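Biologist: I'd like a close look at one small part of this model, the stretch where a few strands fold back on one another. Could you start there and then follow the links outward?

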Amino acid sequence: MCIQSGELVIISRGKLYGKVREKFKSLRVYVIVMILLAGFIAGAFVYGTMIRTYETRAVSLRTAEIQNQCTILSNQLLSYQYLQDHSSEVIEASLTQLTNIYNGRVMIVNQNLEVVKDTYSLDEGKTNVSENVVRCIQGESTDYYDKRNRYIEVASPIKDPDTGEIQGVMLASVSTDTIEDSLRMLSSRGAAIFVLAIILILGFAFLIAEQIVRPLRSMAAGIEGVTEGYVDEVLHVDGFSEMGRISTEFNKMLGRFKRVDESREEFVSNVSHELRTPLASMKVLADSLVTQENVPIELYQEFMEDIAKEIDRENDIIADLLTLVKMDKTAQNLNIRQMQINELMELILKRLKPIAEKKNVELVLESFRPVTAEIDEVKLSLAISNLVENAIKYNRDNGWIHVSLNADHKFFYVKVADSGIGIPKEDQEHIFERFYRVDKSHSREIGGTGLGLAITRNAVIMHRGSIKVHSEAGTGTTFTVRIPLMYTGGSLA
Ligand SMILES: Nc1ncnc2c1ncn2[C@@H]1O[C@H](COP(=O)(O)OP(=O)(O)O)[C@@H](O)[C@H]1O
Ligand SMILES: [Mg+2]
């Protein structure tokens with residue numbers, strides 16, 4: 001039973017702690033508590049200092065006052081020779097006055113430490129050897145504040161002003177009740193002001209917390225709106241500059257998403273269009289065969305050949321699309337290996353040579369130096385092959401293609417220069433886009449999907465390289481690829 005109840009306590013305490021922690025996760029609560037805490041500490045400090053300062057000051061003033069009175073009285077004593085003859089009425093009166101005003105007790109002790117006068121009449125005739133009196137006899141006036149018993153004790157030497165000889169000690173102890181009373185009043189008033197200040201600070205804290213939290217809340221609502229699908233909404237937060245920045249960055253991100261979305265839509269519509277074109281041609285060809293009667297076998301054959309070509313084209317597009325999609329997907333897992341680039345280039349050109357020869361295009365490779373680099377063989381081969389294929393396809397009869405390989409200490413460079421039809425300036429910035437072709441009808445004739453350069457660019461970027469084109473219409477084109485010799489992984493932009 002006992003253990004059980006103990007567990008219960010622990011569990012509920014844990015829950016409470018959890019709840020408190022949960023609350024503290026709220027920025028509003030956090031800000032309020034922090035401001036309140038700061039206010040409390042500052043208030044308590046001011047309050048404490050104020051009380052203490054008042055007390056010290058009041059006590060030291062009172063002490064000085066008593067000391068003054070004692071000095072005056074001492075002089076009077078001496079002039080009436082009170083220490084020798086205690087019958088002076090004047091002195092009696094002065095002593096009574098002093099004790100009345102300050103609500104205290106005065107003792108006069110002579111050189112032999114004998115109490116000659118006690119206004120309380122308790123110690124008269126006795127010997128006083130208290131430390132204060134002894135020290136005072138040696139010429140040192142002392143004072144002492146007993147806070148607990150609420151009195152100040154002052155010991156003042158009775159000193160002959162002419163000879164400087166100490167003839168006795170005047171011991172005055174006065175009550176500090178009045179100081180204590182003022183202090184109590186001050187405390188209660190101070191406490192009231194303190195509570196009032198805390199209430200004000202609490203209100204203030206609520207206001208500040210609200211001001212901080214409001215833009216955040218509206219930002220959260222804005223983001224929620226965007227997530228729920230009002231994609232066109234941009235975030236407007238006028239508040240602190242930090243929050244303004246967050247909303248600017250968010251809007252930028254949103255803009256990027258929108259662009260990605262648009263380009264995806266455009267891509268899908270392009271894909272559909274591209275896939276449909278060969279189908280439409282086939283449909284026309286097939287229809288015309290079906291609707292005509294007595295079609296000669298030669299026409300059948302011719303049309304069927306055309307249909308077969310369209311099927312090939314459709315296949316090419318699908319194959320390129322798949323390559324492209326795969327590239328996007330595997331951007332993170334390149335199969336990087338240290339490779340001899342010279343050999344790789346030779347291999348690529350050897351494979352493409354027959355196609356070049358068919359068009360009577362001269363294909364030469366110039367390697368300036370041996371190059372080894374960390375690359376993905378398949379992807380880089382594809383990239384370079386596409387460039388050389390283009391150089392063959394868009395060349396003139398009896399033209400030339402000049403492929404060169406060079407390197408510095410950081411990168412290697414592959415240049416593919418041709419003597420072909422060239423690319424007009426206005427098209428150069430678009431040729432890397434998917435499905436973009438400069439001359440649709442011409443490249444259709446030559447055959448091409450418009451995806452080759454997009455694939456090449458992707459492959460190059462995956463290697464953290466760059467690709468540039470330099471071309472003049474009618475003269476020729478040069479593509480320059482730059483790839484780092486050492487692959488530095490990490491996330492791709
Ligand atoms: N070496 C080149 N000379 C002239 N034009 C080129 C060359 N390379 C690419 N182009 C132009 O860029 C377009 C895009 O190339 P690419 O993406 O490889 O598609 P395609 O399948 O048409 O070859 C081509 O259609 C062509 O108009
Ligand atoms: Mg191509």
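Which residue in β4 stands opposite Thr 142? And what surrounds that pair in the rest of the model?

Modeller: Happy to! The partner of Thr 142 is Ala 155 in β4. Before going further, please keep in mind that this is a predicted model, in which local features need pLDDT of at least 70 and side-chain atom pairs count only at pLDDT 80 or more, while totals for chains, interfaces and linings use all residues. Residues are numbered from 1 along each chain as its sequence is written, chains are lettered from A and ligands numbered from 1 in the order in which they are written, and side-chain values use heavy atoms, with hydrogens and water left out.

Thr 142 begins our tour in strand β3 (residues 142–146), which runs antiparallel to β4 and pairs with it over five bridges. Strands here are DSSP E runs of at least two residues and helices are H or I runs of at least four, numbered from the N terminus; two strands pair if DSSP finds at least two bridges between them. Four residues separate β3 from β4 in their hairpin, and one of them, Arg 150, takes a positive phi near 60°.

On to β4 (residues 151–159): seven of its nine residues are buried (under 20% relative accessible area; exposed is over 50%, partly exposed in between, with a 1.4 Å probe and protein chains only), so this strand is largely enclosed by the rest of the structure. β4 also has β5 (residues 166–175) as an antiparallel partner, over nine bridges. Within that pairing, Ser 156 is matched with Met 170. The β4–β5 hairpin has six residues between its strands, and Gly 164 in the turn shows a positive phi of about 80°.

Arg 150 leads us out of the hairpin. Its side chain forms a salt bridge with Asp 177, the closest N and O atoms being 3.3 Å apart; the cut-off is a Lys or Arg side-chain nitrogen within 4 Å of an Asp or Glu carboxyl oxygen. Since Arg 150 sits in the β3–β4 loop and Asp 177 in helix α5, the pair ties together parts that are 27 residues apart in sequence. Arg 150 is partly exposed at 34% relative accessibility, and Asp 177 is partly exposed at 34% as well. The structure holds 18 salt bridges. Another of them joins Arg 184 and Asp 181, with N and O 3.5 Å apart. These two are three residues apart in α5, about one helical turn. Arg 184 has 46% relative accessible area and Asp 181 has 43%.

Following α5 (residues 177–227) along, we reach Leu 216, which is partly exposed at 31% relative accessibility. Leu 216 belongs to a nonpolar surface patch of about 870 Å² accessible area, whose members include Leu 16, Phe 24, Tyr 30 and Ile 41. Patch members have over 30% relative accessible area and no salt bridge; nonpolar side chains (Val, Leu, Ile, Met, Phe, Trp, Tyr) are joined within 5 Å, like charges within 9 Å. The areas are Shrake-Rupley values with a 1.4 Å probe, and for residues only the protein chains shown count as cover. Helices α1 (2–24) and α2 (27–79) each supply at least two residues of the patch, with α2 giving the largest share, six.

Elsewhere, five strands form an open sheet of mixed pairing, ordered β7-β9-β10-β12-β11. β7 (362–367) and β11 (466–472) stand at its edges with a single partner strand each, so one side of each has no neighbour in the sheet. From one strand to the next, the twist averages 10°. Inside the sheet, β10 (residues 411–418) and β12 (residues 476–484) are antiparallel partners over eight bridges, with Val 416 opposite Phe 479. Helix α8 (residues 341–358) packs on the sheet, touching β7, β9 (400–407) and β10, and its direction makes about 175° with that of β7. Contact means heavy atoms within 4.5 Å; axes are lines fitted to C-alpha atoms, for helices over the stretch in contact, with angles from 0 to 180 degrees between N-to-C directions.
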